[in-house]
Amino acid sequence: MKEPLVRIRDLVVTYKTRAGEVRAVDGVSLDIYPSEVLGLVGESGCGKSTLGTALLRLVRHPGRIVGGEIWFDGRNLLALSEEEMRRLRGAHISMIFQDPMTSLNPLQRISDHVVETIRTHKPEVSEEEARKQAAELIDRLGIMAERLDDYPHQLSGGMRQRVMIGLALALRADLIIADEPTTSLDVIVEAQFLDLLKELQEEFGLTILLITHNIGVVAQLADRVAVMYAAKLVELADVEPLFEKPLHPYTQALLASVPNIRLEGDTLKIMHGSPPDLIHPPPGCRFHPRCPQAFDRCAREEPPLKEIRPRRWVACWLYDTEHQTQNPESGTQDP
Amino acid sequence: MSNANLVEVRGLRKWFPVQRSFIERLVTRQREFVRAVDGVDFEIRQGEVFGLAGESGSGKTTTGRLILRLTEPTEGQILFQGVDLASLGEEEMRQMRRHMQAIFQDPYASLNPRMKIGDAIGHSLEIFGIAKGEEKRERVLEMMERVGLTPPSILYEKYPHQLSGGQRQRAVIARALILQPDLVVADEPIAMADVSVRALLLELMRELKEEFNLTYLFITHDLATAKYICNRIAVMYLGKIVEMGPLRKVYQAPLHPYTQALLAAVPVPDPKFRRTQPMPKGEIPSPINPPPGCRFHPRCPVAEPICSQEEPALVEVEPDHHVACHLVKR
């Protein structure tokens with residue numbers, strides 16, 4: 001087994017609000033391995049985007065990382081100086097947001113963005129050589145060469161997202177954090193972009209943290225999936241077993257409520273209630289007030305995220321060994 | 001479901017003039033238009049959910065606005081319960097609006113931030129002189145209860161910002177239904193909600209439709225969601241309908257290459273599924289100068305010479321299933 005590229009331990013991020021302190025990420029531990037696509041899913045407000053920005057130490061005011069550790073390639077990011085962190089962001093970690101306009105300089109041509117990035121990574125490359133490389137890269141992304149001299153606003157949303165991937169490639173970024181990269185794209189453009197991303201990921205062995213609410217996108221792209229609910233990680237597993245047999249009742253309810261165009265039938269399972277207020281989260285398991293399988297212990301004690309069998313993590317008392325009699329996962333059906 | 005038509009749309013066009021600068025006006029005489037809706041015909045049958053699907057720029061939202069007469073058509077006819085909407089005067093149209101209501105994507109934008117939820121829901125009862133005071137309150141509370149805004153007497157006093165996104169969308173639904181309309185035009189009504197809330201709102205809309213005998217025009221970019229609510233569907237591309245028919249037929253055996261691509265592009269929540277169909281190249285071209293012939297031909301994987309020369313008409317290829325493609329045999 002490879003060493004993880006990123007190792008997050010007991011991360012806590014809070015936002016100060018007038019109503020009180022919101023713990024947006026509350027004790028999350030997670031590893032990201034080289035060359036994997038880790039999907040991070042959950043509904044709005046679950047803390048998935050905050051986790052992504054925390055990795056870059058870019059949590060916005062009034063948010064603050066108040067606890068835990070983030071190890072990147074052997075270095076503790078929370079111990080780096082602001083200057084060291086800035087260099088790391090520029091050279092090793094790329095971020096792709098829902099709206100690429102926020103990350104592209106509106107006054108700079110596409111070619112200049114790419115050339116500048118290539119030369120940041122390799123200062124010894126001449127301007128001319130960098131231009132040649134930029135043209136090759138743009139071609140590889142399926143953008144016509146004549147668009148190189150366009151400004152960001154002249155490109156469509158899909159093309160801008162391709163440019164963002166191109167910049168990450170030019171940088172040879174060790175980690176790409178993609179936060180809802182296809183959410184603003186139309187469905188055909190989204191499919192084109194996902195095809196390209198998958199191709200490049202396999203070709204270059206990219207490591208991607210894919211943050212999204214779109215369960216379909218995660219199913220198509222991720223190798224492993226982490227599910228967040230109310231600031232906690234509730235389940236973590238390889239993509240196929242997770243979709244085949246979700247263990248956490250929240251994951252079960254979430255997957256059952258997703259429309260699937262390939263399936264017969266026209267009813268969706270409904271999840272009742274709404275996520276808790278993170279200023280006053282419920283005691284015990286945060287999902288217990290909505291959980292159809294909750295029992296007394298769930299309201300009292302918080303279940304830890306445990307590896308109940310290799311590569312299968314879940315935070316739920318149903319899978320606790322002391323709770324074997326009620327355990328719906330008796331282990332006999334395991335290969 | 002009866003076969004009577006609640007709405008009939010005939011040859012509907014909406015061209016928006018392109019804004020030009022002073023210099024441009026001096027240099028060229030030619031005016032340019034965005035052909036948002038460029039000749040569509042369809043009907044919405046009493047009691048059905050008619051879906052209008054397409055990507056951004058397809059003209060689906062403009063079509064919805066034209067039916068509500070929130071914008072005036074450039075050409076064409078809209079008959080509502082057999083009455084030509086264009087023939088109505090302002091007051092007659094105002095009365096007609098009681099029978100057609102809208103639900104838009106962003107509930108926050110469609111609720112007055114300074115009006116209490118209960119007053120917002122009941123506002124139209126006062127406007128149309130149907131109920132006021134205590135009677136209005138009673139009706140509003142009843143409707144709030146029905147759409148799941150509970151406890152109604154407490155939520156009645158709240159302002160939009162004090163509700164969750166899902167509750168706000170329920171309030172917008174309650175407001176649309178309180179006049180007991182015949183037609184509800186729902187434009188991406190659940191697009192902003194979270195996955196779990198979407199399922200809930202979709203189910204609510206289905207229940208209310210049965211209970212209040214409604215007819216929906218359901219406008220969406222999300223074909224997976226459309227599958228759970230629509231009876232018939234029309235797929236739009238660059239201001240035109242390219243395919244229209246019963247949902248099952250269109251989804252199981254789409255005939256137009258664009259419909260095929262659109263359906264294949266929807267991300268499937270199953271990691272074992274691998275899409276085999278290649279995606280069409282490029283993106284939707286500008287609706288200012290749409291391609292000649294079939295508008296999809298520059299991106300179409302099976303286009304033939306005729307496709308760039310002649311515009312295909314929307315023809316019925318089997319009962320109730322219409323398609324606009326030269327290559328589909330009748």
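**Chain B as a whole**

I began with the secondary structure of chain B, which comes to 12 helices and 12 strands; I note here that the model is predicted. Next I looked up the radius of gyration of chain B, which is 21 Å and close to the 20 Å that the globule rule gives for 330 residues, so chain B is as compact as a globular protein of that length. I also took the box that the C-alpha atoms of chain B fill along the principal axes, and wrote it down as roughly 70 × 60 × 40 Å. Of the 330 residues in chain B, I found that buried residues make up 47%. I then turned to contacts in chain B between residues at least 6 apart in sequence, and noted that 66% of them join residues at least 24 apart.

**Where chain B touches chain A**

For the contact between the chains, I recorded 32 residues from chain B and 37 residues from chain A. On the side of chain B that touches chain A, the elements that give two or more residues are α8 (195-212), α9 (223-226) and α11 (257-265) of chain B. Which element gives the most to that side of chain B? I found that α8(B) does, with six residues. Sorting the residues of this side of chain B by kind, I obtained 19 nonpolar, six polar and seven charged.

**Two helix pairs**

Before comparing helices I reminded myself that two packed helices are described by the angle between their axes and the distance between the axes.

In chain B, I looked at helix α4 (residues 117-127) and helix α5 (residues 133-146), which pack at an angle of about 125 degrees with their axes 9 Å apart. The angle is neither over 145 degrees nor in the range 65 to 115, and α4(B) and α5(B) are therefore oblique to each other. I noted the crossing of α4(B) and α5(B) as right-handed. From α4(B), the residues G118(B), I121(B), G122(B), L125(B) and E126(B) meet K136(B), R139(B), V140(B), M143(B) and M144(B) of α5(B). I divided the residues of this contact into five nonpolar, two polar and three charged.

In chain A, I looked at helix α5 (residues 157-171) and helix α6 (residues 187-204), whose axes come within 10 Å and cross at roughly 10 degrees. Because that angle is under 35 degrees, I wrote down α5(A) as roughly parallel to α6(A). The α5(A) residues in this contact include I165(A) and L169(A), and those of α6(A) include F193(A) and L196(A). The residues of the contact of α5(A) with α6(A) divide into eight nonpolar, three polar and one charged.

**Backbone entries**

I kept in mind that most residues other than glycine have a negative phi, and most peptide bonds are trans. With that in view, I recorded a cis peptide bond joining H61(A) and P62(A), with omega about 5 degrees, and placed P62(A) in the loop between α1 (48-55) and β4 (63-72) of chain A. In chain B, the peptide bond from T150(B) to P151(B) is cis, with omega near -5 degrees, and P151(B) is found in the loop between α5 and α6 (152-155).

R172(A), in the loop between α5 and β7 (175-179) of chain A, has a positive phi near 55 degrees. Is R172(A) buried or exposed? With 15 C-beta neighbours inside 10 Å, R172(A) counts as partly exposed. R311(A) has a positive phi of about 65 degrees and lies in the loop between β11 (306-309) and β12 (312-314) of chain A. With 11 other C-beta atoms within 10 Å, I entered R311(A) as exposed.

How values were computed
Residues are numbered from 1 along each chain as its sequence is written. Chains are lettered from A and ligands numbered from 1 in the order in which they are written. This is a predicted model: local features need pLDDT of at least 70, side-chain atom pairs count only at pLDDT 80 or more; totals for chains, interfaces and linings use all residues. Axes are lines fitted to C-alpha atoms, for helices over the stretch in contact, and angles run from 0 to 180 degrees between N-to-C directions. Helices (H or I, at least four residues) and strands (E, at least two) are DSSP runs, numbered from the N terminus. Two residues are in contact if their C-beta atoms, placed from the backbone, lie within 7 Å. Ala, Val, Leu, Ile, Met, Phe, Trp, Tyr, Cys and Pro count as nonpolar, Asp, Glu, Lys and Arg as charged, and the others, Gly among them, as polar. The radius of gyration is taken over C-alpha atoms; the globule rule is 2.2 Å times the number of residues to the power 0.38. A residue is buried if 20 or more other C-beta atoms lie within 10 Å of its own, exposed if 12 or fewer, and partly exposed in between; C-beta atoms are placed from the backbone. A crossing is left-handed if the near helix is turned anticlockwise from the far one by less than a right angle, and right-handed if clockwise.
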